[in-house]
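Please describe how the strands and helices of this model are arranged and how they pack on one another.

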Amino acid sequence: MRRYELIAPCHFGLEAVLKREIIDLGYDVSRVEDGRVTFLGDEEAVCRANVFLRTAERVLIKIGGFHAETFEELFQGTKELPWEEYIPEDGKFWVAKAGSVKSRLFSPSDIQSVMKKAMVERLKEAYRRSWFEEEGESFPIRVFLLKDEVTVGLDTTGESLHKRGYRKLAAKAPIAENLAAALIMLTPWRGDRILVDPFCGSGTFPIEAALMAANAAPGMNRSFLAENWSHVVKRKNWYDTLDEAQEMADFSVETDIQGYDIDESIVASARENAKLAGVEKMIHFQKRGVEDLSHAKKYGFIITNPPYGERMEEKEKLPALYRALGERYRNLDAWSLYMVTAYENAERDIGRKADKNRKVYNGMIRAYFYQFMGPKPPARK
């Protein structure tokens, strides 16, 4: 079985969470950089990483790397890579994304164009032909330039891994599924403890939590580009990985996961998304405002993505909204509050300084993950 160096991009600031996931899957991490983790694995690892990783954006096979300060060096370096080992004669190939940080070459469109020409020249020589129809399977390439060091990866995933396949209906300003999963994993919450999201929107936090509680792989109900690359990853590996995911999942576990929203249509969307994810019986959604947040039991968790106030009319309502959240939180017995928000006065209006906060990016919005930690429950006998 072939061995690969694999690259998993992720949200900036959450590399440690992804690294832990990869190690837990049984693979050796070789490098951690801003926004991505590199690890070693075989053909099966390509499948298992795509199906099981909750916090990655995608899984790339590293084709190679080289130093380039000029477009000529970029061309020659790209041409020297063994493209014919990955791209068949009828393959459709292109540079889907180019990123550059602190490098002399910084224009994404120029980088993409030069690399495409170099790939064509290499494949012309390998297949002894002057023209490619590119009517077969897709082989998108992603390239990163950091301080003139070029890293080239072949995207095995296709649509980003945050698209689990369950969110057909989205609320305003939804949080990405893989970001929600990573933030939950930064808390001490486990499936046998209480979780409430009073601003649940399309239900992402409750659904991701329910999938974790059920030990359900996030990618078990979607497809991936590399499923059709039998010369790179044998199809049996995909079948074996999905069998593994099916055997591990247990949707009968008992949970106390709740999601509220003040808009009935949004609650209906969240219920539908949970149904598509197979966890509708594990989550209780209802129409309820944050001012009605309550729970009789101790040691629960609020994990939420409250409104940021992107529009002026919404911004005026934010102080009262966050004050209400802070008041209801103080009335809960021994609970913890974790929230991701870009609202700059969040701590002031909550009425307490967070025990910790962490800078994260929700899309292009810089936000903070505020962590108000309650006491630990007594050890079970």
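The report below treats the two sheets in turn, together with the helices that pack on them.

## Basis

The structure is a predicted model.

## The sheet from β1 to β7

An open sheet of 7 strands follows the order β2-β3-β1-β4-β7-β6-β5, with mixed pairing. The edges are held by β2 (28-33) and β5 (92-101); each has a single partner strand, so one side of each lacks a neighbour in the sheet. On average, neighbouring strands of this sheet are turned by 30° against each other, direction ignored.

Within this sheet, strand β1 (residues 3-9) and strand β4 (residues 60-67) run antiparallel and are joined by 2 bridges. Ile7 stands opposite Leu60 of β4. Helix α2 packs on the sheet, where it touches β1, β3 (36-42) and β4. The direction of α2 makes about 135° with that of β3.

## Helix α3 and Phe75

Helix α3 lies across β4 and β7 (149-155) and runs at about 135° to β4. Phe75 is located in this helix, which spans residues 71-79.

Not counting residues up to four places away in sequence, Phe75 touches Val114, Lys117, Ala118 and Glu121. Phe75 and Ser113 are 38 residues apart in sequence, and their C-alpha atoms are 9.7 Å apart in space.

## The contact of α2 with α7

Besides packing on the sheet, helix α2 (residues 43-52) packs against helix α7 (residues 235-248) at an angle of about 40°, with the axes 9 Å apart. That angle makes α2 oblique to α7. The crossing of α2 past α7 is right-handed.

On the α2 side, the contact involves Glu43, Glu44, Val46, Cys47, Arg48, Asn50, Val51 and Phe52. These residues meet Asn237, Trp238, Thr241, Leu242, Glu244, Ala245 and Met248 of α7. By class, the contact residues comprise 8 nonpolar, 3 polar and 4 charged.

## The sheet from β8 to β14

A further open sheet of 7 strands has the order β10-β9-β8-β11-β12-β14-β13, and its pairing is mixed. Here β10 (283-287) and β13 (356-362) stand at the edges, each with a single partner strand, so one side of each is left without a neighbour in the sheet. Neighbouring strands of this sheet are turned by 20° against each other on average, direction ignored.

Strand β9 (residues 256-261) pairs with β10 in the parallel sense over 5 bridges, and the bridge partner of Ile257 in β10 is Ile283. Helix α8 (residues 264-277) packs on the sheet and touches β9 and β10, its direction making about 165° with that of β10. Helix α10 (residues 318-330) also packs on the sheet, touching β11 (301-304), β12 (336-341) and β14 (365-372). The direction of α10 makes about 165° with that of β12.

Key. Residues numbered from 1 in each chain as written. Predicted model: local features only at pLDDT ≥ 70, side-chain atom pairs only at ≥ 80, totals over all residues. Heavy atoms only, no water. Axes fitted to C-alpha atoms, helices over the stretch in contact; angles between N-to-C directions. Helix = DSSP H or I, 4+ residues; strand = E, 2+ residues; numbered from the N terminus. Parallel < 35°, antiparallel > 145°, perpendicular 65-115°, else oblique. Left-handed = near helix turned anticlockwise from the far one by under 90°. Contact = heavy atoms within 4.5 Å. Nonpolar A, V, L, I, M, F, W, Y, C, P; charged D, E, K, R; others polar. Pairing = 2+ DSSP bridges.
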